[in-house]
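Please open the model in your viewer and keep the selection panel at hand. The tour below goes from one selection to the next and says what can be found at each stop.

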Amino acid sequence: IVPATRQREALKALLETIKVEELALPQRILDLIPPLATGFEGGTAEYFGRRTDPAFDPLGAAGIAADLTLSAILDPQRVSRLNAFHAENAANPDFKEVLDALVNTTWKAPRPANAYHAALAETTQDLLVKRLMDLAANAEVSAQVRATASQGLRELDAWLGSVASAKLSAAQRNATRDDIKRFLNRPEATFKPVTPLPVPPGDPIGATTRQP
């Protein structure tokens with residue numbers, strides 16, 4: 001087992017990768033990316049997925065980058081190991097500690113004044129909720145992991161209903177609370193989350209992932 005101090009250092013480094021400052025592309029770069037030319041939408045080029053076709057989707061690209069980190073941290077086997085190793089030695093971080101760090105870095109970080117940065121923050125916040133729902137509904141993980149993920153969603157819902165979240169956009173705050181309530185009431189039957197955009201194929205971004 002990696003020493004607890006080293007584990008927390010690694011988590012801190014990973015959390016840096018989902019901060020708005022790391023995900024934002026400079027405007028001078030965005031200005032250089034043209035829409036896809038008609039007739040060149042297919043092929044083997046490693047395009048980022050987008051919801052702004054035919055234009056480049058900066059929020060989608062940032063979401064893909066953030067999801068690489070979130071999916072790795074919240075990998076079912078990884079969070080299960082966190083709890084197992086914490087049970088062996090309480091000095092090791094457990095899933096709850098990691099979850100709290102994720103929420104503090106995303107939802108509870110100061111809301112950026114810049115509209116582009118604020119939209120990036122919302123993208124990452126929404127992804128975290130989606131990945132927690134995936135864990136809470138995963139029949140392959142332990143009951144403890146599912147319970148912690150579900151409790152994390154409940155605590156986030158309560159926080160979103162408090163004055164502490166007043167600086168967030170009302171639309172996102174209300175939509176997230178509605179999604180959490182629907183999910184916790186009946187996950188598989190009534191909840192249809194937005195599917196994150198896929199990781200582009202090829203090294204070094206998506207490794208062996210291939211798009212159809």
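**Stop one: helices 6 and 7**

Begin by selecting helix 6 (residues 95-105) together with helix 7 (residues 115-136), which pack at an angle of about 160° with their axes 11 Å apart. Because angles over 145 degrees count as roughly antiparallel, helix 6 is roughly antiparallel to helix 7. Axes here are lines fitted to C-alpha atoms, for helices over the stretch in contact, and angles run from 0 to 180 degrees between N-to-C directions. Helices are DSSP runs (H or I, at least four residues), numbered from the N terminus.

This is a predicted model, in which local features need pLDDT of at least 70 and side-chain atom pairs count only at pLDDT 80 or more, while totals for chains, interfaces and linings use all residues. Residues are numbered from 1 along each chain as its sequence is written, and side-chain values use heavy atoms, with hydrogens and water left out.

Now show the side chains of Phe-95, Leu-99, Leu-102 and Val-103 on helix 6 and of Leu-128, Leu-132 and Leu-135 on helix 7, which make the contact (heavy atoms within 4.5 Å) between these helices.

**Stop two: helix 1 against helix 6**

Keep helix 6 in view and add helix 1, which packs with helix 6 at an angle of about 25°, their axes being 11 Å apart. Helix 1 is therefore roughly parallel to helix 6, a term used for angles under 35 degrees. On the helix 1 side, select Arg-8, Leu-11 and Leu-15, and on the helix 6 side Glu-97, Val-98, Ala-101, Leu-102 and Thr-105, since these residues make the contact.

**Stop three: helix 4**

Next select helix 4 (residues 58-73), whose 16 residues reach 23 Å from the first C-alpha to the last, close to the 22 Å expected at 1.5 Å a residue. That expected span is 1.5 Å times one less than the number of residues. The buried residues of helix 4 (under 20% relative accessible area, with a 1.4 Å probe and protein chains only) include Gly-60, Ile-64, Asp-67 and Leu-70. The buried residues of helix 4 pack against helix 1 (4-16), helix 2 (20-23), helix 5 (76-88), helix 6 and helix 7.

**Stop four: the loop at Ala-109**

Finally, select Ala-109, which lies in the loop between helix 6 and helix 7. At 27% relative accessibility, Ala-109 counts as partly exposed, the class between under 20% for buried and over 50% for exposed. Add Ala-121, twelve residues apart from Ala-109 along the chain, and the two C-alpha atoms are separated by 8.9 Å.

Technical notes: Helices (H or I, at least four residues) and strands (E, at least two) are DSSP runs, numbered from the N terminus. Angles under 35 degrees count as roughly parallel, over 145 as roughly antiparallel, 65 to 115 as roughly perpendicular and the rest as oblique.
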